[in-house]
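Dear colleague,

Please find below the structure that I agreed to pass on to you. My notes on it follow directly after.

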Amino acid sequence: MRFIIGSKQTTKMVEKRLATTVYVAQDADPRLKNNIVQLCERAGVPITWSDTMKSLGETCGIEVGAAMAAVIPEIE
């Protein structure tokens, strides 16, 4: 499983239909959350909620918080 981290990159992955799941932190900026939720609903991409940006960052294996991340298939 590969994570693409950050709101711009996550948005791009959903728009390109590459994201299989999107993780969103509950404490992220509400505008960012609303935009990605609407985009995911239109694209049919499931959303997994994370309690905090810090815990989402840890899930993605980075030392800083992350507002959102897209899961994309491993490219062989």
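In this predicted model, strands β2 and β3 run parallel and are joined by four bridges. Within this pair, alanine 25 stands opposite serine 50 of β3. Both strands belong to an open sheet of four strands, ordered β1-β4-β2-β3, in which the pairing is mixed. At the edges lie β1 (2-5) and β3 (47-50), each of which pairs on one side only. On average, neighbouring strands of the sheet are turned by 25 degrees against each other, direction ignored.

Strand β2 covers residues 21-25 and includes threonine 21. Threonine 21 has a relative accessibility of 19% and therefore counts as buried, the cut-off being under 20%. Apart from neighbours within four places in sequence, threonine 21 is in contact with Val45, Pro46, Thr48, Ala69, Ala70 and Val71.

Two helices lie across the sheet strands. Helix α1 (residues 7-15) lies across β1, β2 and β4 (68-72), and runs at about 35 degrees to β4. Helix α2 (residues 30-43) lies across β2, β3 and β4, at about 160 degrees to β2.

I looked at α2 in greater detail. Its 14 residues should span 20 Å at 1.5 Å a residue, and the C-alpha atoms at its ends are indeed 20 Å apart, so the expected and modelled values agree.

Which residues of α2 are buried? They are Lys33, Ile36, Val37, Leu39 and Cys40. Because these residues cover an arc of only 165 degrees around the axis, they are on the same side of α2. The cover over the buried residues of α2 includes α1 as well as β2, β3 and β4. Pro30, Arg31, Asn35, Glu41 and Arg42, on the other side of α2, are exposed.

Both ends of α2 also deserve a remark. At the N-terminal end, aspartate 29 acts as a cap: one of its side-chain oxygens lies 2.7 Å from the backbone nitrogen of arginine 31. Arginine 31 is itself among the exposed residues of the helix. After α2 comes glycine 44, which has a positive phi, near 75 degrees.

In viewing the model, you may wish to begin with β2, since this strand is joined to β3 by four bridges and has both α1 and α2 lying across it.

With kind regards

Key. Residues numbered from 1 in each chain as written. Predicted model: local features only at pLDDT ≥ 70, side-chain atom pairs only at ≥ 80, totals over all residues. Heavy atoms only, no water. Buried < 20%, exposed > 50% of the residue type's maximum accessible area, 1.4 Å probe, protein only. Contact = heavy atoms within 4.5 Å. Pairing = 2+ DSSP bridges. Axes fitted to C-alpha atoms, helices over the stretch in contact; angles between N-to-C directions. Expected span 1.5 Å × (residues − 1). Arc of directions from axis to C-beta. Polar contact = N/O pair within 3.5 Å; in protein donor to acceptor, adjacent residues only side chain to side chain.
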